[in-house]
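Colleague: Could you take me through this structure slowly, one question at a time, and show how each answer is reached?

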Amino acid sequence: MVRVESPPTKRDIPVVRAALLPVVLMAGATAAGAVPVTGAARAAVVVCGAVATAVVATLAVVLNRRRRAMRVQRAEYERRIAALEHRIATYDQETERLSKELLPAAIRRLRASNSPQEVMRDIVDADASYRNLPKAQRALVLQVLDIIDNEEAMRDSAQRAFVSVARRVQAIVHRQASELREMEDHHGRNPDVFDDLLRIDHGTALIGRLADSIAVLGGARPSRQWPKAVPLFSVLRGAMSRILEYQRVDLHSIAKVAIVGTAVEPLIHACAELLDNATRYSPPQTRVHVTAVEVQTGIAIEIEDGGVSLSEEARVRAENMLAQAQAGINMNDLGESPRLGMAVVGRLARMYQLQVSLRQSAYGGVRAVLIVPRDMITTGPAPGIAHGIGATSRPQSSLDMSQMQHVVPPRGKHKARPAATGPVPSLATPVPAPAPAASAARPAPAASAAMGDDEIVVTEWTEGGLPQRRSRGRAPLGSHNLPQQSAPAAEPAARNGHNGHGGGATAPPGLWLEAFTQAVNGVPKDPGNDTDSDDAWDKGDEK
Amino acid sequence: MSPPRRERRKADPAVSDPERLYVITGAPDGERAALDLVTMVVAQAEPSPTVQPEQAAILRLCKAPLSVAEISAYLSLPFSVVTSLLTELLATELIESRAPIVRAALPDRSLLEAVMHGLQKL
């Protein structure tokens with residue numbers, strides 16, 4: 001029926017007005033019908049007319065009201081539909097906003113190791129536009145966050161398990177490697193054992209790289225730490241030593257820089273993976289060329305192979321893999337037959353800001369360029385031994401060389417030896433007191449003092465040209481043969497004296513026997529023979 | 001329980017380096033020249049920039065004759081590594097080695113002493 005709130009006064013008048021016409025017409029018709037009729041019939045006509053008029057009036061009023069009520073209801077209906085549509089649109093908008101803004105923000109927050117409750121507090125409640133989120137939506141968001149949190153926790157624990165297993169393998173491999181190195185030192189004199197040890201060592205290094213790869217894919221940083229800077233050459237050799245076919249790798253013109261300790265391990269690993277790819281996907285008889293040049297942004301390490309050219313599609317795929325890995329790879333994405341290399345390189349590149357690109361090589365194969373940022377490079381002294389090897393322990397002061405030149409008698413007459421030219425002053429300059437040191441009277445304490453804390457101090461030289469080492473604490477045992485060389489002026493003479501085996505009394509023990517043997521056998525003096533005094537034989541016997 | 005260990009020269013962790021010995025040596029099955037610990041080695045040429053750093057170091061060291069044992073000690077590389085490096089250098093004639101006399105080529109020491117005593121008694 002008509003609503004109460006509809007304005008009655010305004011509506012009532014039209015009702016009366018609309019009802020008026022049929023009522024008047026009916027009344028008129030009744031009147032017109034009553035006029036010609038006479039007597040009792042008139043009264044009946046009038047009554048019937050009056051009744052009909054009343055009925056018409058009632059009907060008119062009722063119909064009119066009905067119609068008006070309907071109109072009002074339709075309007076109401078339309079308004080409600082509009083309201084509902086608006087509400088639906090708002091919901092849509094809200095859902096969209098939820099999925100496009102709120103949830104991503106919340107998940108980001110969640111990934112930053114916040115609990116779902118914290119995320120709700122920080123993201124939803126802190127934002128005025130989200131604060132009066134409907135309860136259902138709130139519950140939905142919380143539910144989603146909870147599920148994601150659980151999944152993340154599971155993935156994390158899976159990765160942690162991965163990493164911890166890899167770490168254990170790494171630890172074993174590392175220990176094994178250092179033990180192998182000791183064994184290699186120990187069995188160095190037995191080539192057969194040594195070669196076998198090298199083979200085991202190589203296998204161990206391959207296992208180590210695999211463990212490193214697993215750890216890196218598990219999101220961990222490389223475990224091995226290098227306390228000091230290591231020369232780039234050593235780093236690249238380290239990378240070589242971790243791949244199967246290291247013999248096919250050629251290092252050319254490697255920039256003489258060192259890599260800071262923290263970046264050594266990742267660089268070795270990344271280079272090893274790239275070298276592994278290069279050697280694996282090129283024919284076995286081809287070589288892999290490695291160069292490292294300085295560029296504006298750091299050092300560009302180029303690894304070129306002569307293998308089959310990477311098709312454009314394959315190149316794109318590899319680059320994709322790199323990019324994916326840089327964006328953070330999932331273990332699932334590694335696929336059925338995991339080709340870990342690129343993923344590992346991508347990971348490392350992301351962690352350490354290395355730039356990697358794959359291009360067509362001039363040799364027809366692939367050229368991988370790895371750019372090492374400048375802050376990983378140091379040009380300072382690299383204590384890591386490197387090309388090293390032994391750069392620290394060789395007789396680095398020219399004092400030694402000059403001494404050798406002059407103590408070792410120039411016996412080889414068949415060959416002009418540069419060493420026989422005598423002490424060169426320029427060589428001796430780094431030594432505090434070159435002149436006395438270079439002179440024949442070579443007091444052992446002075447020599448050892450000049451050499452600082454160098455461990456291997458060659459203090460004495462036998463006549464046979466063999467050095468005698470001894471610890472610095474003891475008195476020079478060989479001082480008995482010093483007088484022979486004590487006169488600097490008589491140096492050439494002294495040298496001649498050496499040749500002639502002049503002073504039998506001053507000769508080291510053992511030489512007399514040799515001289516005797518030669519005399520007995522009539523063997524002409526062979527330069528090679530002179531080197532073999534008895535103590536040399538004793539050394540040889542230790543073998 | 002770890003197995004009993006022999007006393008070995010401990011590698012100094014401060015100077016540990018990433019490269020393994022087989023990278024320096026080359027092929028593990030490579031032929032080795034007959035070199036002894038006391039074989040004397042002399043460089044015949046200046047190190048060229050293309051040789052391996054260790055070989056360059058050997059060439060620098062061996063300007064004056066050095067025994068293989070000494071080279072091994074100075075480079076702190078095991079004897080077998082040094083011999084394979086030297087083998088390569090020998091093959092390219094950058095160094096020359098002087099083989100020690102074979103012991104059997106000389107009469108036995110006791111025999112010599114006997115002869116000496118005999119001579120002294122004359």
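Colleague: Is strand 5 (residues 298-305) of chain A largely enclosed or largely open, and how many of its residues are buried?
Modeller: This is a predicted model, and what I say describes that prediction. A residue counts as buried if 20 or more other C-beta atoms lie within 10 Å of its own. Strand 5 of chain A is largely enclosed by the rest of the structure, because the number of its 8 residues that are buried is 6.

Colleague: Which strand does a hairpin join to strand 5 of chain A, and over how many bridges do the two pair?
Modeller: The hairpin runs through 2 residues and comes from strand 4 of chain A, which covers residues 288-295. Within this pairing, A:Glu294 stands opposite A:Ile299 in strand 5 of chain A. The partner is therefore strand 4 of chain A, and the two strands pair in the antiparallel sense over 8 bridges.

Colleague: What is the bridge partner of A:Ile299 in strand 7 of chain A?
Modeller: Strands of a sheet pair through backbone hydrogen bonds, either parallel or antiparallel. Strand 5 of chain A also pairs with strand 7 (residues 366-373) of chain A, in the antiparallel sense and over 7 bridges. In strand 7 of chain A, the bridge partner of A:Ile299 is A:Val372.

Colleague: Which strands are the edge strands of the open sheet with the order 1-3-8 in chain A?
Modeller: This open sheet has 3 strands with antiparallel pairing. Strand 3 (residues 258-259) of chain A pairs with strand 8 of chain A over 2 bridges, and A:Ile259 stands opposite A:Ile377 in strand 8 of chain A. The edge strands each pair on one side only, and they are strand 1 (230-231) and strand 8 (377-378) of chain A.

Colleague: Which helix of chain A gives the largest share of the largest nonpolar core?
Modeller: In soluble globular proteins, nonpolar side chains tend to be buried together. Here the largest nonpolar core has 93 residues, and those with the most contacts inside it include A:Ile259 and A:Leu275. The largest share of this core is 10 residues, and it comes from helix 8 (residues 261-280) of chain A.

Colleague: Which residues does A:Leu275 touch, leaving aside those up to four places away in sequence?
Modeller: A:Leu275 is among the residues with the most contacts inside the largest nonpolar core. Leaving aside residues up to four places away in sequence, its contacts are A:Ala239, A:Met240, A:Ile243, A:Val249, A:Val288 and A:Ile303.

Colleague: Is A:Gln353 buried, exposed or partly exposed?
Modeller: A:Gln353 is found in the loop between helix 10 and strand 6 (355-360) of chain A, and although it is not a glycine, it has a positive phi of about 55°. Most residues other than glycine have a negative phi, and most peptide bonds are trans. With 13 other C-beta atoms within 10 Å, A:Gln353 is partly exposed.

Colleague: Is A:Ser253 buried or exposed?
Modeller: A:Ser253 is also not a glycine, and its positive phi is about 30°. The place of A:Ser253 is in strand 2 (residues 249-254) of chain A. Because A:Ser253 has 11 other C-beta atoms within 10 Å, it is exposed.

Colleague: Turning to chain B, is B:Val68 buried or exposed?
Modeller: B:Val68 lies in helix 3 (residues 68-74) of chain B, and among the residues it touches are B:Leu35, B:Asp36, B:Phe79 and B:Leu86. B:Asp36 is 32 residues apart from it along the chain, yet the two C-alpha atoms are separated by 6.9 Å. Because B:Val68 has 20 other C-beta atoms within 10 Å, it is buried.

Colleague: Which element of chain B has the highest mean pLDDT?
Modeller: Chain B has 5 helices and 3 strands, and the mean pLDDT of the chain is 78, with 77% of its residues reaching 70 or more. Where pLDDT is low, the predicted coordinates should not be read in detail. Among the elements of chain B, the lowest mean pLDDT (82) belongs to strand 3 (residues 95-98) of chain B, and the highest (90) to helix 5 (residues 109-121) of chain B.

Technical notes
Residues are numbered from 1 along each chain as its sequence is written. Chains are lettered from A and ligands numbered from 1 in the order in which they are written. This is a predicted model: local features need pLDDT of at least 70, side-chain atom pairs count only at pLDDT 80 or more; totals for chains, interfaces and linings use all residues. Two strands pair if DSSP finds at least two bridges between them. Helices (H or I, at least four residues) and strands (E, at least two) are DSSP runs, numbered from the N terminus. A nonpolar core is a set of buried Ala, Val, Leu, Ile, Met, Phe, Trp, Tyr and Cys residues joined through C-beta atoms within 7 Å. A residue is buried if 20 or more other C-beta atoms lie within 10 Å of its own, exposed if 12 or fewer, and partly exposed in between; C-beta atoms are placed from the backbone. Two residues are in contact if their C-beta atoms, placed from the backbone, lie within 7 Å. pLDDT is the predictor's confidence in each residue, from 0 to 100.
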